[in-house]
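User: Please take a close look at the ligand's surroundings and tell me what lines them. I'm new to this; explain the terms as you go.

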Amino acid sequence: MKAVPIACVKLSEQEIAAVVEVLRSGHLVAGAGVQAFEQQFASLVGAQYAVAVSSGTAALHVAYLAALNPGDEVLVPGFTHISTASMVHFAGAQPVLCDVDRRTFTLSLDDATRKLGPKTTGLAPVHLFGNACDVDGIGAFARRNNLKVIWDAAQAHCTRYRGEDVGRLPDLVTYSFYPTKNMTTGEGGMIVTNDKELYKRCKLLRSHGQSGKYYHQSFGFNYRMLEVSGALGLEQLKQLPAFTAKRRRNAQYLSERLASLDGIRVPFVAEAIEHSFHQYSILLDLAQFRCSRDEFVTALKAEGVEAVVHYPRALNQQPAFGAGHVRLPNCEWLAERIMSLPVHPLLSNEDLEHVSAAVTQVAAEMRR
Ligand SMILES: *Cc1c(COP(=O)(O)O)cnc(C)c1O
């Protein structure tokens, strides 16, 4: 029996044909396809400008460089993908790790307030797993303290807060199109903004600071997107609303089956939020089970369900951050008891039934 996978990419014949057409055209980099993809993505999220780049990590690097100055401090949640924090470093600024909320897994404003210092100029909240941050609270905090906000929406395509897409928030929002994300271009990323100055800076940073051919206004990288990726992105955009709706339905199905299980906590979604369920992550009440989270994951695998841990270590527990030098109690608490179950759009009803039955059975077997 093949396990129900945590992620699944299956390209349609139409997508493959769009890519082949690019290859036949011989126009391989940063052309009309990428431009159309930028325009359609910006209009989808309701932002004015979009800059396509070669990865979500490149998007963060460019966004931080556009918004920050060397020596600045940036408040970053300690429970996220490494590049939310590492790209602050490569922008010449200092990531300051903050704790997160145990229920929403997103930035704790209480801890951000404690970590705010005279050099703090930026804030990098993450809409983790597709759940929106406390957008109102963060916006007010940023305005009060004159902070630039760089939102990491790598996992939050189509996430909404009070009915509005999180992609239209100031100052900059970054996305990833890595294959496991809610839509893909192979590798790829996007920065969106409503600020014309920031938009111009991002465009210069993407391609050697060129404002004209071999005319370099500033220094920059080669972070351009391939035309193949742009073509794939345009095709994926057509399917994104259906992908997102299916993720939401799958999550609802799982929560209906799992919410009543003792010792399992299903994802919390606040009233104001339309979650996009990049991941469906549950928490184990370890006091109720005679196994660790990792043993629970292994037992699920034996039942044919691929659960994956996002993330087994908080950033403060990584060697790159001095492994335990800073304490982030909620991040560490989550890292010990969280796991993601399959929620992707290609799951069948039988798959969903299988996932819920396996979790129910392993929970029963492992109960103290
Ligand atoms: C995936 C991801 C990134 C990095 O994106 P890549 O396209 O893999 O470089 C950054 N932040 C978060 C929260 C992510 O999930």
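Analyst: **From one loop to the pockets**

Asp171 sits in the loop that runs between strand 7 (164-165) and strand 8 (172-176). (Helices and strands are DSSP runs numbered from the N terminus: H or I over at least four residues for a helix, E over at least two for a strand.) The peptide bond joining Pro170 to Asp171 is cis, with omega at about 5°.

Before we move on, some ground rules: this is a predicted model, where local features need pLDDT of at least 70 and side-chain atom pairs need 80 or more, while totals for chains, interfaces and linings use all residues. Residues are numbered from 1 along each chain as its sequence is written, and side-chain values use heavy atoms, with hydrogens and water left out.

Now for the ligand. It has 15 residues around it, and the closest are Thr57, Asp152, Gln155, Ser176 and Lys181 (a residue gets in if one of its heavy atoms is within 4 Å). Pick out Asp152 in the view: an N or O atom of its side chain is 2.7 Å from a nitrogen atom of the ligand. Ser176 has a polar side-chain atom 2.7 Å from an oxygen atom of the ligand. Lys181 also reaches a ligand oxygen with a polar side-chain atom, at 3.0 Å. (A polar contact is a pair of N or O atoms within 3.5 Å; within protein, one must be able to donate a hydrogen and the other to accept it, and sequence neighbours count only through two side-chain atoms.)

Where does the ligand sit? It's in the second largest pocket. (More than half of its atoms must lie within 2 Å of the pocket's grid points.) Helix 3 (56-67) and helix 4 (82-90) are the elements that give two or more residues to the shell around the ligand. Helix 3 makes the largest contribution to that shell, with three residues. Sort the shell by class and you get three nonpolar, ten polar and two charged residues. (Ala, Val, Leu, Ile, Met, Phe, Trp, Tyr, Cys and Pro count as nonpolar; Asp, Glu, Lys and Arg as charged; the others, including Gly, as polar.)

Zoom out to the pocket itself, which has a volume of about 420 Å³. Its lining has 28 residues, with His81, Gln155, Tyr178, Thr180 and Lys181 closest to the centre. You've met Gln155 and Lys181 already: they're also among the residues closest to the ligand. Helix 3 and helix 4 come back here too, each supplying at least two lining residues. Helix 3 again gives the most, with three residues. By class, this lining is made of ten nonpolar, 15 polar and three charged residues. (On a 1 Å grid over the protein atoms alone, a pocket is an open set of points with protein on both sides within 12 Å along at least five of seven lines; a cavity is a set where a 1.4 Å probe fits but can't get out; lining residues have an atom within 4 Å of a point. Points join across faces, edges and corners, and a volume is the space filled by probe spheres set on them.)

For contrast, look at the largest pocket, with a volume of about 590 Å³. It's lined by 24 residues, and Gln35, Tyr199, Lys203, Arg206 and Gln210 lie nearest its centre. The elements giving two or more residues to this lining are helix 2 (32-45), strand 1 (49-53), helix 7 (196-206) and strand 10 (210-212). Here the classes split into nine nonpolar, nine polar and six charged residues.

There's one enclosed space as well: the structure holds one cavity of 30 Å³ or more. The largest cavity takes up about 60 Å³, and Phe105, Phe129 and His275 are among its lining residues. That lining has five nonpolar, five polar and one charged residue. Phe105 is worth a click: phi there is near 65°, a positive value in a residue other than glycine. You'll find Phe105 in the loop between strand 3 (94-98) and helix 5 (109-115).
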